[in-house]
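Colleague: Before we look at this together, I would like to hear how each label was reached, with the value set against the cut-off behind it.

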Amino acid sequence: INLNVSATGGNASSPLMYGLMFEDINHSGDGGIYAELIQNRAFQGSTEYPSTLEPWVPTGGAFFTLQNTSIPLSKALPTSISVAPSSNSTNGTIGLLNPGWWGIEVKPQKYTGSFWVLGAYKGKFTVSLQSDLADDVFASLDLPSKSESGKWVEHKFELEPSVAAPNSNNTFILEFDASAGALNFNLISLFPPTYNDRPNGNRPDLMDALKDLNPSFFRIPGGNNIEGDSYHYPWRWNETLGPLAERPGRPGTWGYENTDGLGLVEYLNWCTDLSITPVLAVWAGMYLGDEADHILTAAELAPWVDDTLDELEFILGPSSSTFGALRTSLGYREPWDLKYVEIGNEDNLYDNGASTYASYRFSMFYDAISAVYPELNIVSSAGDYSAVGGSGTNNPSSTDFHIYTRPDYFVTQFGKFDNASREHKTLVGEYACVQGNLDEVVGVDWDLPRVPWPTWVGAVSEAVWSLGIERNGDAVLGMSYAPGFQNLDSYEWAPDLISFTADPSQTVLSTSHYVINLLSNNRYNATVPVVSDSDFGPAYWVAGVSEPGSYTFKTAIYNATEAVPFSVSFEGVDEGAKGTLSVLSAPDGLSNNALEDGVVVDVVKKDVKELVAGVGGSFEFELGNYNVAVLTT
Ligand code: AHR
């Protein structure tokens, strides 16, 4: 293939181009990137998921009951655990054991903990980190009780093991003298060091895995999880703020209670920490699950539109405003940097032909938001142009398009955005290759099995799709793979970008992660035209330039029957110029990165070669089937 790349004449690329989408699915938040180590720390519940004692285990023959005491810890956390001696309590101490979120990583580092107690007790509490067989105690601390009758009292502590545990099969134990009788406990919390040392923060290793992707935007808080699987339980920004004792939690969409410890402020801090732009989703009046056909009328929706304006004032308003003052009271005087607001999630999928989203719901939000914040880019979640606002103005709406599909189909979508609207731009807020190629199936058939891990052929097809998007960087704002995370001990959705357990050495960066890493870390400011003697297929490509002479050429090879020779020349680049070629490959299309018997298997290989331009300034190289490559000059 002979390719001549021009120096000018393309389109400016979106600076967002590669980003992240996050929702609490697959225990990606609670039990995942949110670093809290204690599972069910506050016995949160709802009619959907009543409070539970799971996974707490009594020690010393203690007897547990869940109680709504006459004096609650807070309105948000009314339920606590009563820990009482029983006839089996023989050794003088009783207590409660938490196995963490399927384990606790123990290292020689500082763990910061706290718990609240109700009941008179003058003795001491002992907190410890132990192996789950309790034959190894890695750290233990006695702290004097400050407990009083008729009052909830907080106890804070630090634990610092001097050695690392050999694995993550460890537990946290809190004990006291059985002679105290029954005591009530709530909000029992333990954090390891977090990313950027944020209190109530995130797991550093998983944040690093995101940072490696050089993301530019962060679509939060969903996905389906913003909608709630049952009536009255959408994600509510103002119930995710402030002290943990003030956060009631909610039934998430994905089959488990969300603590909301990872709340709006934490998401925005996450953006600050990774220097990325939030794309804030707001609920648009549609429930999922059994209530999927209950869509709010305009009158029912109006208070939610007002609620969105309150949320935006919390994020963007001056500290003199009502909700700006609330932000300031939480320690954030300066507004955050928010430019994109998305209305709902996948709101075209459930309308059964009569789109209430297009007829009134989107416009209610669009009109109200743009009246107060004319500079905000408002994104419809319809994925098409059925709901648009601001046509012909300098602030037209965008739309969020999602695609889950098969490798062959992804490749056919290389040109999807060639004729897309340049006025109403598209965000590809979710994409992933979820199945193998199956005869006669176009797109994705949700009744057929999905691949358990992203495959290499899938990742290459995503690369082709991504190059198609890059070629249209003036029409597409950016793209984010979904879902981002999978807790291998409890998940609802595979395949996923990053899979993990409680043990950071078991984190699997998928084949898709490798592709995004390569493409996202090689950005450019504008595309440039490429003249070729061959059509697209089996090679697909895009070229861009950041500054004169500094080119980036990207290509992916899909379904080649033999090696593909390239001769690529760049306008203004002469014989003898240097280039760097980075090539990703894997043993075959069905290869995947995975965790097998507790060991990470990583099949993707990255080769980096220095090239020198030959006669006429062209770079000559050969790529094999299912190679993804980037050449920079
Ligand atoms: O990413 C998983 C789910 O797929 C999201 O919650 C939803 O938006 C989509 O249907």
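Colleague: What makes you describe helix H9 (residues 511–520) as mostly covered?

Modeller: This is a predicted model, and in it eight of the ten residues of helix H9 are buried. Buried here means under 20% relative accessible area, and the residues that meet this cut-off in H9 are Thr511, Ser512, His513, Val515, Ile516, Leu518, Leu519 and Ser520.

Colleague: Why does Ser168 count as buried?

Modeller: Ser168 has a relative accessibility of 9%, and because buried means under 20%, Ser168 counts as buried. Its place is in the loop between strand E11 (152–159) and strand E12 (170–177), and its C-alpha lies 8.2 Å from that of Ser131, although the two are 37 residues apart in sequence.

Colleague: Which distance makes the pair between Glu23 and the ligand a polar contact?

Modeller: A polar side-chain atom of Glu23 lies 2.4 Å from an oxygen atom of the ligand, and since a polar contact is a pair of N or O atoms within 3.5 Å, the pair qualifies. The same cut-off admits Glu346, with a polar side-chain atom 2.8 Å from a ligand oxygen, and Tyr404, where the distance is 2.7 Å. The protein covers 94% of the 280 Å² of accessible area that the ligand has on its own.

Colleague: How many residues of each class make up the shell around the ligand?

Modeller: The shell has five nonpolar, three polar and three charged residues, and among the residues around the ligand are Trp254, Asn345 and Glu430.

Note on methods:
Residues numbered from 1 in each chain as written. Predicted model: local features only at pLDDT ≥ 70, side-chain atom pairs only at ≥ 80, totals over all residues. Heavy atoms only, no water. Near = heavy atom within 4 Å. Polar contact = N/O pair within 3.5 Å; in protein donor to acceptor, adjacent residues only side chain to side chain. Areas by Shrake-Rupley, 256 points an atom, 1.4 Å probe, with all protein chains shown as cover. Nonpolar A, V, L, I, M, F, W, Y, C, P; charged D, E, K, R; others polar. Buried < 20%, exposed > 50% of the residue type's maximum accessible area, 1.4 Å probe, protein only. Helix = DSSP H or I, 4+ residues; strand = E, 2+ residues; numbered from the N terminus.
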